[in-house]
Amino acid sequence: MVQRLKEVDVVVIGVGMVGSILAKELAAAGYKVVGLERGSTRFTVPEFQSPGIHDELRFDIRKALMQDNTREPVTFRNNTSQSALPVRRWESFLPGTGLGGSMVHWNGQTYRFQANDFELATRTKERYGKGFLDADVTIQDWGVTYDELEPHYDRFEYLLGTSGKAGNIKGQIQPGGDPHESPRSREYPTPPQKEHFSGALFRKAATGLGYHPFPQPSSNLSQPYTNPEGLKMNTCVFCGFCERYACEHYAKSTPQTFILPVLLANSNFELRTGCQVQRINLDSTKKTATGVTYIDNAGREFEQPASLVITSLFAINNIRMLLLSGVGKPYDPTAGKGVVGRNYAYQTMSTVASFFDEDVIINPFMASGASGTLINDFAGDNFDHSGLGFIGGAFIGAVNTNGRPIQYHPTPPGTPGWGKAWKDAVVKHYNHSIMFSLHGSSVSQRQNYADLDPTYKDAWGQPLLRITFEFPQNDLKMAAYVTAKGVEIGKAMGAKQVAGSPRKAPYTTQQYQTTHNTGGTVMGNDPSTSVVNRYMQSWDVPNVFVIGASAYPQNASWNPTGTLGALTYWVADALKNKYLKNPGHLVSA
Amino acid sequence: MKLPATPNVTRRSFVASVGAATVIPPAAALIANSAEAATAAGHHPATAPAPAAAPAAPEKPVYLFFNVAEVQFIEAACERLIPADESGAGALAAWVPNYLDKQLGGAWGAGERLYRSGPWVQGTASQGYQLPFTPAELFRTALRAINTDLEKQGPMFSELSAEAQDAYLKSLEKDNHDLDGVPSAVFFDMLLRMTVEGFFADPVYGGNRDMVAWRMIGFPGAYADYYEAIDKHGVKFERAPMSIGEDGHGKVHVHPEIPASVG
């Protein structure tokens, strides 16, 4: 029997980064907010403490903090001629679960996208002309500009206490920062983290080649910080257990450190964990949501009525929530029509490995998740693409995040996979190697999309999300180009052997690349090519807001979290100052 | 000593296993903790009854999952994947087979974190593992087929020369023959992955004994504060590694000005 609960003003599906920030803004504005989280309640103390928290087997290899794939995986195929099959173990990307969401296990790499990224279709045409792109590339403008988002980027960075060095304050280039960045209104809240040896070597080599190295913006803090919410954070000690782990030191900015204590103290907010939302409920017109239906940990089914529904799930789960609920028209790749699931994109990751003599001591285990040094000279549209046959690029950096040995034991190309030669190579190179991350953009393309799987089900009997994805030719060309640049830097560092690994097809679910899945519920100004408008409001059901990296029409050259934080505050403003005062369409179709 | 008869323990492997149990292999002898045993003896006069404190470290793992025929293959195969040599201990001295035994006998072996609903269709490499076997079922099935196969040919795996063992492992890895429904390359891949895991994982999981693998590469282990060291570039970090088991005193990092938890 379904138990119908008392109506509230707002129901938030997923209490991660987006959900906790929005819930706090709306509860503080006087609205009654219920947050539904499928995972468990967890805090820095006692959940994230030693001795258990630095367990490489449990967290890296067994993926203890991730979405329960025994109940809720996805299916995958490279193209529509194949049958999609379940991804039976997570490898390529790692969506989290539980209070605080995927941000609990992030690395803290906190970037802004550039002004160009938000108007990518328009600016590409302006600079390179019509017909520059492959015909099946479906990039588009976001419907929101960098200038509109700048105050919200600023607010998000000050919430987190991000450690970095500005490169452009109100148009004035700042020494030591990234000269390619779009103008920011002020300096980062805290100075950069200390530089690792690998970063220092990279800095020297990149400077010598005429590039512009800068310290990676890090939300693993360089010094103690009190954020505008009054919450205190600590200095990161470079313990080397960051991504895939929770932080026991209050040094990595996560909802647990920057917002949850304030949110949970507000009596207008109620947190319910262990709640698996089955669908957003619509009325008979299908144009108004009436609330959500969820099943709790004990198997009991509830209906939670609400005036406003915010889905703030990890990107792929936002797509699935809309498809399961009938919000928006599903995308059909054959006809090229429909919008939900369209423009699913990813990140095109390449690597460069540099192997040094044994007198060069690297100490890879001394690391935060974002204490690298990098260049943006080959990111985005920071270089001329004329004649190259692709758009986009990658940041190139010595981004040394850990030396945890089950995962990290680099060996030069040609080393056997096992036996004495393998073991000798592992021992010889472990402390004398540097890995670059080449963090590449991802164009959207007509054939890449997500829909509901016709065969496989979750533990509640609902269809799984089916992802159809292959790397576009545009991005493979980009990967080859930037990897060659990375190899030059590796050689300039004095490495005796440098091995570049440009990303190649086919895309595989079996190798970790990144958890930067984007698209599928994209934002824009045209309802025929977007699911939500520029305020991330559903075109079809205006009391549903869909907030996540699923809104990105394509993915840029940087980690997506900073931009999602800015969008979250952008939406908070629109909700408080526009929508909730006069509910209805914020943009007329 | 009586061992339970199982269908896949032949007379020959039975005899070989009994023989193996009575001889400590050189690698195992290296890690027998004789110094600790001597110290313990010095503290407790021979006349006093042996107290509960400090039992001698066992010289061989107690295998709970693998049967004797399986142990012979696993011990010998792991040692070829990561052999003892001048750079340090191999998989056997690191007790990697013990790690495999405990993992396969526990939740991981039973399919922890594995989506286990059909239909079962074999796909592309990009789609990954699509067999219905749990890791425990996969090992059991493959090992039985391997031992049956070897028995037809002559000596068991543990009796082969190192070169012949390597050749057999390569045939599992590359030729991908059928092991009673398990493609041999899939078995080999899982064996290799788990061997590397057991070698480098925290010793609380039963491998990486005495943190031999961490000492060998210079990994300081689970806990260290590198705030003062990180910008002293190129300086070797000299400290014995630390296992998560060594910080097991309920110590909790509480900051006095930060609320422990709310709600």
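Colleague: Which residues in α12(A) are met by A:M17, A:V18, A:I21, A:L22, A:E25 and A:L26 in α1(A)?
Modeller: This is a predicted model, in which local features need pLDDT of at least 70 and side-chain atom pairs count only at pLDDT 80 or more, while totals for chains, interfaces and linings use all residues. Residues are numbered from 1 along each chain as its sequence is written, and chains are lettered from A and ligands numbered from 1 in the order written. Helices are DSSP runs of H or I with at least four residues, strands runs of E with at least two, numbered from the N terminus, and contact means C-beta atoms, placed from the backbone, within 7 Å. The partners in α12(A) are A:L564, A:G565, A:T568, A:V571, A:A572, A:L575 and A:K576.

Colleague: How are α1(A) and α12(A) oriented to each other?
Modeller: With axes fitted to C-alpha atoms over the stretch in contact, and angles running from 0 to 180 degrees between N-to-C directions, α1(A), residues 17-28, packs against α12(A) at about 30°, the axes being 10 Å apart. Since angles under 35 degrees count as roughly parallel, the two helices α1(A) and α12(A) are therefore roughly parallel.

Colleague: Which element gives the largest share of the side of chain A that touches chain B?
Modeller: The contact draws 69 residues from chain A and 66 residues from chain B. Elements of chain A that each supply at least two residues to that side include α6 (197-208) and β19 (449-457). The largest share, five residues, belongs to α10(A).

Colleague: What phi does A:G161 take?
Modeller: Helix α5 of chain A covers residues 146-160. Just after α5(A), A:G161 has a positive phi of about 80°.

Technical notes
Expected span 1.5 Å × (residues − 1). Parallel < 35°, antiparallel > 145°, perpendicular 65-115°, else oblique. Contact = placed C-beta atoms within 7 Å.
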